Every structure is written in structure tokens, then in C-alpha cells.
Amino acid sequence: MHEHPSIGLGTTMKVKKLALELNYEPNQRAISFQQKKSFSIGVILPELSEAFFSAAISGIEDIVGKHNYSVLLGQSHDDEKREKQIAENMKKHPVDGLIVSVAKNTENYEHFNIFKRLDIPVLFFDRIPNLEDIHSVSCNMEAGTMEAVNFLLDNAHEAIGMINGPEKLFASQQREEGYAKALLARNKKVNPELMVPSDLTKESTQQAMEKLLLLPKKPTAIIVFNDYVALDAIQYARQKNIRINEDIVFVSFANLPLCSYMDFAPVASIEQFPYEQGQNAAETLLDLLNYGRQDTEKIVYRTIHMNTKLVLNNRDFT
């Protein structure tokens, strides 16, 4: 059936003819068992309904599909317990490798360490844990935040607020560091009151906006965790009769397509290239799989930091 060179052409043709007559289909499970591969990649995402992760999974599937791998997808819905259950199910499946963007409240990563002990590579992307000895693909959130702060300072904004993500997310820590570094580099003071967290829900974002608007010196610009948080923040500001991108200017992260349909879009977004992140994650994981079994003491962990890019949504902004 596979045209092995040790089998004569006549025999091969007869076998294929008989297989066609009998409607024979190869037993994929038997083939996988023989090759010790399932030819499936597990992917755990927070929320597929978000355009960012939809684009990322497209990038992943486009790459692994070319190598005859399928994708087994699970959504954590930003819940650590659900994330652990999905990982357990994928361990039992099993998958040949795992690509993960962690839930916003995940604190314990032992459910991923199990895969390492089973010699199943795990690669984190976008939302990566603050751990050593992991494979990861992500955008440089610190540099992206610095770019956003400098953009606003260059446009005469002194009081710059930031609605950050959950404090447990490493990406939130990176944003905070970038915010402070950019201000200090320009000899500006860092006011901790201008940095408020959000758990990424509408209610939490509204509470964050309320805190910022109650400050004695209100911010004239606000950097928000992503475009979805920006939607909630802008809606709240409009309810308070604040003129968007006049009284308060917004800059967000992700640069999702929805920004082009918004009447009051952030003046700029930090592009994080989700499709390309997905592609890089898939290519790196396949490379790890092709590299074969490794001595755990000699593993070279792959870390890819992609550059961000500030994209203007309002070309007339000055």
C-alpha cells in the first residue's frame, strides 16, 4: 500500500486493486500506534470568540495542516479549573504536543509540567507564564507599552492612565514595567494611582475608569489592556459625557479588525500579530517534535519575542 521498494510493482498493483474493491481504509489508530504518534496537536485558548485567538488558531492550523497534523482545541474560558481539565483530557487522548495561552487567573502550572515528564513538548504563546525553562512565543509587551507612552508624551499628554490586566498575568507585569520605564526615561514621575487593574470584565473595567476619573488630576490619555477593554472603557466614558479622543485619548492593544468599525475607536492600537504568533508557535512546536526525544538536562528552550507595532486608527490625531 505504501509502495515499499522491496515489493514488486505487480504485487503492489494487485494489492491496491483488491483494497479498492473491498473499500479498504487504513486503520489510523494502528498506524499511529506503530509510529508512536497521534498526529494531533492540542491547543488550549482562553476564548475562541475573541478575534485575537481566532486569528491565532488560523495561523496554527495553516502550519500544522501542511504537516498532516490535526488540531484538538479546548477553551478554558479564562478558568483555571477548566484549563486543568482540558489538559488532563489531552494527556489521555494523547496529543503529540501542546500549544497554550494561559487563563488569566492560572497560578499553578503543574498540569503542564506533567506533559514535560511524558516527553510531550508544551509551548506557551501570547499569555505566557512567568516561569523559567519553558518554550514560548510572544510579543514584547514591555516595548509595546513604552511605544504607546512615548506616542502620548509626544502628543503633549502628561497625565497618562493605564487600565492593566489581572496582576497574575505576566503580560500585565510587562505592561506595567514598560509604562514606568518610558516615563522615567523622559524624566516624568510615575504616579501609581494612574495605574489600575481590571479582570477584563465589563464591570471591572468600569470600576477602573471610575477610579481614574475621580483622581484630582484626571488623565488626559489612557492606555488599555486590549481592544475589548477599550470598548468597555469608552462606553463608560461616553455615559459620563466625556468626549472620546478629545477630553480623553485612548490607546489599546491588539489592533483587532473591530476598531475600523467603531465610531469612537482608540486613536492608536499596539499590533500584536496574532496570526503570525500562531504560525510561529506551530512551526516551533513541530520543530521540537521533529527534533525527537531530548535529555531533559540538555533541552534548549525556545523563546521567540516578536516586535509590536503602533498603528494609528485616527490619521487626523495630533
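Trainee: Quick one to start: is Ser138 buried or exposed?
Mentor: Ser138 is buried, because its relative accessible area is 2%, under the 20% cut-off. Bear in mind that this is a predicted model.

Trainee: Where is Ser138, and which residues is Ser138 in contact with?
Mentor: Ser138 is part of strand S5, which covers residues 135-139. Leaving aside neighbours within four places in sequence, Ser138 has contacts with Asp126, Ile128, Gln277, Ile304, His305 and Met306.

Trainee: Okay, zooming out. How many helices and strands does the protein chain have?
Mentor: The protein chain has ten helices and twelve strands. The C-alpha trace spans about 85 × 40 × 30 Å along its principal axes. Of the 318 residues, 48% count as buried.

Trainee: And what share of the contacts join residues at least 24 apart?
Mentor: That share is 72%, taken among contacts between residues at least 6 apart in sequence.

Trainee: What pLDDT does the chain average?
Mentor: The average is 90, and 91% of the residues score at least 70. Over residues 27-34, though, the pLDDT is below 50, and beyond near neighbours in sequence that stretch has five contacts in the model. Where pLDDT is low, the predicted coordinates shouldn't be read in detail.

Trainee: Noted. Switching to charges: how many salt bridges does the structure hold?
Mentor: Twelve salt bridges. Side chains of opposite charge can pair when their charged atoms come close.

Trainee: Which residue meets Glu80 in a salt bridge?
Mentor: Lys84 does, with a distance of 3.7 Å from N to O. The two are separated by about one helical turn, because they are four residues apart in helix H4, residues 80-92. Glu80 is buried at 18% relative accessible area, whereas Lys84 is partly exposed at 36%.

Trainee: Which salt bridge links distant parts of the chain?
Mentor: Try Lys168 with Glu107, where the closest N and O atoms are 3.0 Å apart. Lys168 sits in the loop between strand S6 (160-164) and H7, and Glu107 in the loop between S3 and H5, 61 residues apart. Lys168 is partly exposed, with a relative accessible area of 44%, while Glu107 counts as exposed at 53%.

Trainee: What about Glu110?
Mentor: Glu110 forms a salt bridge with Arg117, with 2.8 Å between the closest N and O atoms. There's also a network in which salt bridges that share partners join Glu88, Lys91 and Lys92.

Trainee: Back to that loop between S3 and H5. What does Asn105 touch there?
Mentor: Not counting residues up to four places away in sequence, Asn105 touches Asp78, Glu80 and Lys168. You've met Glu80 and Lys168 already, as salt-bridge partners of Lys84 and Glu107. Asn105 lies in the loop between strand S3 (97-100) and helix H5 (110-117).

Trainee: How far is Asn105 from Asp79?
Mentor: Their C-alpha atoms are separated by 6.9 Å, and the two residues are 26 apart along the chain. Asn105 itself counts as partly exposed, at 32% relative accessibility.

Trainee: New topic, pockets. What volume does the second largest pocket have?
Mentor: About 280 Å³. It has 19 lining residues, and the closest to its centre are Glu50, Phe53, Arg127, Phe225 and Asn226. Helix H3 (51-65), helix H7 (170-185) and helix H9 (227-239) are the elements that give two or more residues to the lining.

Trainee: Which element gives the most to that lining?
Mentor: H9, with three residues. By class, the lining has ten nonpolar, two polar and seven charged residues.

Trainee: Last thing: backbone oddities. Where is there a cis peptide bond?
Mentor: Between His93 and Pro94, with omega at about -15 degrees. Pro94 lies in the loop between H4 and S3. Most residues other than glycine have a negative phi, and most peptide bonds are trans.

Trainee: Which residues other than glycine have a positive phi?
Mentor: Among them are Ala156, with phi near 70 degrees, and Asn245, at about 65 degrees. Ala156 is in the loop between helix H6 (141-154) and S6, and Asn245 is in the loop between H9 and strand S9 (249-254).

Trainee: Are those two buried or exposed?
Mentor: Ala156 counts as exposed at 63% relative accessibility, whereas Asn245 counts as buried at 16%.

Key. Residues are numbered from 1 along each chain as its sequence is written. This is a predicted model: local features need pLDDT of at least 70, side-chain atom pairs count only at pLDDT 80 or more; totals for chains, interfaces and linings use all residues. Side-chain values use heavy atoms; hydrogens and water are left out. On a 1 Å grid over the protein atoms alone, a cavity is a set of points where a 1.4 Å probe fits but cannot get out, and a pocket is an open set with protein on both sides within 12 Å along at least five of seven lines; lining residues have an atom within 4 Å of a point. Grid points are joined across faces, edges and corners, and a volume is the space filled by probe spheres set on the points. Ala, Val, Leu, Ile, Met, Phe, Trp, Tyr, Cys and Pro count as nonpolar, Asp, Glu, Lys and Arg as charged, and the others, Gly among them, as polar. Buried means under 20% relative accessible area, exposed over 50%, partly exposed in between (1.4 Å probe, protein chains only). Contact means heavy atoms within 4.5 Å. pLDDT is the predictor's confidence in each residue, from 0 to 100. A salt bridge is a side-chain nitrogen of Lys or Arg within 4 Å of a carboxyl oxygen of Asp or Glu.
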